[in-house]
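Visitor: I'd love a close look at one single part of this model. Could you take me through it slowly, together with its surroundings?

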Amino acid sequence: MTSSLTPRDKGNLPVLSAPPLIRLDAYVAEDGSTVVNGHLLEMGGTRQPNEAILDAIAMFARTLGAPVAATVIDRTEMQVARLRVYPDGSSRTIGDEEDLPPGRERTAAEEEAFPPLARVERIIQHAQREELHAAFVLASALREHLTLRRGAEDELSLEARAIEAYLAYLRGDYMLSTVLALTVARIRCRTDLGRAAPEVARATAAWQRLLDDGQVATRGEELLRMWEHLSSAGLLLEPSHQAMAQAVKSRLERGGPSVSAPDTASGTAPALTAGDEPVAPEDEPLKPTRRGLRRFTRRPR
């Protein structure tokens with residue numbers, strides 16, 4: 001599972017004359033790593049993520065001289081919170097009904113000054129410096145917020161999930177990489193079958209590294225169904241894809257714990273590009289926003 005993590009051009013980066021940012025987003029990973037507006041915060045000591053987030057957002061409010069809005073996804077609490085933060089450092093949480101309704105207006109407000117492509121460029125830069133933890137956390141934050149705003153099937157959400165899957169692969173977390181890549185492949189198979197084969201190949205590349213027999217069987221059965229679906233549609237055209245499909249079938253028939261993994265150094269692994277069941281069942285649902293969340297409510301300083 002390979003990729004050329006190379007920034008495309010500097011035109012994707014935010015320009016200095018961009019309009020003032022009035023809506024921020026933040027993310028707290030399960031390990032406490034904290035991201036504000038696409039930047040990983042240096043926590044240091046025992047500083048709590050909620051305090052770091054409020055300090056960072058209050059700085060924007062002071063700079064603008066006006067309140068700013070923020071959406072915080074906190075995976076340590078399994079919750080999404082919507083905030084108003086004021087130039088004096090105070091903050092309050094609000095309910096969804098007090099915020100802009102979901103849709104184009106809110107999405108545009110959240111993405112206007114720092115578009116998703118600029119964040120992808122930053123992720124790529126971390127990956128190129130082999131700062132894989134930072135790159136992965138930023139990719140997770142991007143995928144979570146895009147999915148919240150646009151839905152799991154949105155094109156940008158899919159690309160962010162594919163990047164996250166690839167970075168999990170680079171970090172050696174093949175189970176997570178398989179799960180993420182399978183979701184992208186699952187969605188492509190349902191919504192855009194003509195573009196599905198490369199995604200199924202990426203999921204297969206991660207699956208080939210799995211050692212747990214139960215996961216090999218469960219994930220392998222889904223992969224095999226995808227390859228068979230592509231074959232029946234006349235879309236199993238690439239010899240490398242045909243070989244991968246046969247490798248999945250053979251491994252499942254043998255019931256063995258492992259097959260040879262792709263040689264990433266030689267470039268044989270797939271490259272990164274950007275029903276009634278849940279689209280992404282592995283995305284654990286977040287608790288809805290409620291007013292007065294104490295950890296995000298602060299009096300003036």
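Visitor: Leaving aside its neighbours within four places in sequence, which residues is Asn50 in contact with?

Guide: Happy to take you there. A word on the basis: this is a predicted model, in which local features need pLDDT of at least 70 and side-chain atom pairs count only at pLDDT 80 or more, while totals for chains, interfaces and linings use all residues. Residues are numbered from 1 along each chain as its sequence is written, and side-chain values use heavy atoms, with hydrogens and water left out.

Now to your residue. Once neighbours within four places in sequence are set aside, Asn50 is in contact (heavy atoms within 4.5 Å) with Arg295 and Phe296. With Arg295 there is also a polar link: the Asn50 side chain reaches the backbone oxygen of that residue at 2.7 Å. Such a polar contact is a pair of N or O atoms within 3.5 Å; within protein, one must be able to donate a hydrogen and the other to accept it, and residues adjacent in sequence count only if both atoms are side-chain atoms. Asn50 has a relative accessible area of 16%, so it counts as buried (under 20%; exposed is over 50% and partly exposed in between, with a 1.4 Å probe and protein chains only).

Asn50 sits in helix α1, residues 49-64. Helices (H or I, at least four residues) and strands (E, at least two) are DSSP runs numbered from the N terminus.

Beside this helix is an open, mixed sheet of six strands, ordered β3-β2-β1-β4-β5-β6; two strands pair if DSSP finds at least two bridges between them. The edges are β3 (39-40) and β6 (91-94), each with a single partner strand, so one side of each has no neighbour in the sheet. Helix α1 packs on this sheet, touching β1 (23-28), β2 (34-36), β4 (68-74), β5 and β6, and its direction makes about 35° with that of β5. Axes here are lines fitted to C-alpha atoms, for helices over the stretch in contact, and angles run from 0 to 180 degrees between N-to-C directions. Another helix, α4 (residues 132-150), lies across β1, β2, β3, β4 and β5, at about 125° to β1.

Follow the sheet to its β6 edge and you meet β5 (residues 79-85), which pairs with β6 in the antiparallel sense over four bridges. Arg84 stands opposite Arg92, and Val85 opposite Ser91. Five residues lie between the strands of this hairpin, where Gly89 takes a positive phi near 95°.
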